[in-house]
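Trainee: Could you walk me through this structure before I try to describe it on my own?
Mentor: Gladly, let us look at it together.

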Amino acid sequence: MAFKLKHLFFFSILKPQKPTLSNLHLLQQYRGIAKVRLKWVKNRSLDHIIDTETDLKAACLLKDAIKRSPTGFLTAKSFADWQKLLGLTVPVLRFLRRYPTLFHEFPHTRYASLPCFKLTDTALLLDSQEQSIHKNCESDTVERLCKLLMMMKTRTVSLQSLYPLRYDLGLPDSFDKILVPKYPDHFRFVKASNGIVCLRLAEWREELAVSALEKSKENKKSSDEYRQFKSGKTSLVFSMSFPKGYGGQNKVKAWMEEFQKLPYISPYEDSRRIDPNSELMEKRVVGVLHEILSLTIHKKTKRNYLRSLREELNLPHKFTRLFTRYPGIFYLSLKCKTTTVALREGYRRGKLVDPHPIARLREKFYHVMRTGLLYRGKGVNLLSQQGILLNDMEDETGQETSDGEEVESGDECSEEISDVEEESDEE
């Protein structure tokens, strides 16, 4: 009863979508949300996607590296130490030899024992399709990059932190040289006090300050929830998909209902005056992480990539614990000797719900990889270039499996992934 009275009071003075800073102190004292112990549950479907797309990402990055090379090829010596950088569990040389449909091996002209690799005609064809997509979707790419910068405290992010996110955000290769200079009214380069080159938003764009959660509710036909949210009568609700067994627990249901009733703060709102230890800040952080993952092409990214943006996003030091604290929203995977976080609502039955054109192109790329892996050298002859140009390949990176097996409840919230593992996870 006390909980309901508190929220009636909150909503009588505050519109959930845009809380005023003068009223935030009323929310800062609130600590009433019940906490339960949730055991981390493996999701085989999402783990499979992350496992296969790790190889896909590495192949795409190697394709870009070969294309950038002035000679048009790479020697085995030049990529000998790239294994960790590419997130591979095998040496790069062995990886390249797995996919003869993409990478053609030949001996160096001067050093016969030195293997070299160039792109096959099929890989070049796929690359040309990718460049066409980047050109056609350029406005969408610029919008996503603007939205990322708009979430930063100083509207600035270092290129050092942005480069690792390039693939996940669907940015073209050498975007800082090709894309950014074309939009001087959107972006500009600046140097930080430590000399690091950063990308800064040139001008705030209010029309873009709408989160993916707000947009999804707004786009739903006859969305009473969004109308009530805009009128200040209720808060927006995060979509949740729990592993089997979670949703039926009374403690979990009560916890999530209380969490959902908290006011929703847009990730594009200034949060510096919110109490960092309040439940309101926790919901705001969940919203920020939800928005960043929504901006990515595959609705997932590596945990350490987000860590590099922590200070600019005004996230708490141990914000990554929220990935296991809210398993209905996020999924934390430990596949491929790294830690990847995915947005559950972005996938259904092992496939992306709303695949971007770049994601569809990468499905074709993966099909070519699989053909080379299964048939080796003969795979080149099995591929029909006309089919690659005209037909959409089936998504082979997903598979339908059961989501989870275990659940555990208790008095406090904790994670099954240890702090030691969390701190030692290096990419």
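**Surface, sheet and one helix**

Mentor: The chain exposes about 20600 Å², and carbon and sulfur atoms supply 50% of that area. Please keep in mind as we go that this is a predicted model.

Trainee: Okay, and how much of the chain is buried?
Mentor: Of the 427 residues in the chain, buried residues make up 52%.

Trainee: How many helices and strands does the chain have?
Mentor: There are 20 helices and 11 strands in the chain. If you take the contacts with a separation of 6 or more, 73% of them are between residues 24 or more positions apart.

Trainee: Let's look at a sheet, then. What order do the strands take in the open sheet of three strands?
Mentor: The order is 4-6-5, and the pairing is antiparallel. Strand 4, at residues 156-158, and strand 5 are the edge strands, each pairing on one side only, and from one strand to the next the twist averages 30°.

Trainee: How many bridges link strand 5 and strand 6?
Mentor: Five bridges link them in the antiparallel sense, with strand 5 covering residues 187-191 and strand 6 covering residues 197-201. To follow the register residue by residue, start with Phe187, which stands opposite Leu201 in strand 6, and then go to Arg188, whose bridge partner in strand 6 is Arg200.

Trainee: And which residue in that hairpin takes a positive phi?
Mentor: That is Gly195, with a positive phi near 90°, in a hairpin that has five residues between strand 5 and strand 6.

Trainee: Which helix lies across those strands?
Mentor: Helix 7, made of residues 138-150, lies across strand 4, strand 5 and strand 6, and runs at about 100° to strand 6.

Trainee: Switching topic, what is the span of helix 13?
Mentor: Helix 13 has 12 residues, 250-261, and reaches 17 Å from its first C-alpha to its last, which is close to the 16 Å expected at 1.5 Å a residue. Its buried residues are Val252, Trp255, Met256, Glu258, Phe259 and Gln260.

Trainee: Is there a reason some of those numbers sit three or four apart?
Mentor: I can only offer a general point to hold beside that list: an α-helix has 3.6 residues a turn, so residues three or four places apart point the same way.

Trainee: What about Asp275, where does it lie?
Mentor: Asp275 lies in the loop between helix 13 and helix 14, the latter being residues 279-295.

Trainee: Why does Asp275 count as buried?
Mentor: Asp275 counts as buried because its relative accessible area is 17%, and the cut-off for buried is under 20%. A polar atom of the Asp275 side chain also lies 3.0 Å from the backbone nitrogen of Asn277.

Definitions and conventions. Residues numbered from 1 in each chain as written. Predicted model: local features only at pLDDT ≥ 70, side-chain atom pairs only at ≥ 80, totals over all residues. Heavy atoms only, no water. Pairing = 2+ DSSP bridges. Helix = DSSP H or I, 4+ residues; strand = E, 2+ residues; numbered from the N terminus. Buried < 20%, exposed > 50% of the residue type's maximum accessible area, 1.4 Å probe, protein only. Contact = heavy atoms within 4.5 Å. Areas by Shrake-Rupley, 256 points an atom, 1.4 Å probe, with all protein chains shown as cover. Expected span 1.5 Å × (residues − 1). Polar contact = N/O pair within 3.5 Å; in protein donor to acceptor, adjacent residues only side chain to side chain. Axes fitted to C-alpha atoms, helices over the stretch in contact; angles between N-to-C directions.
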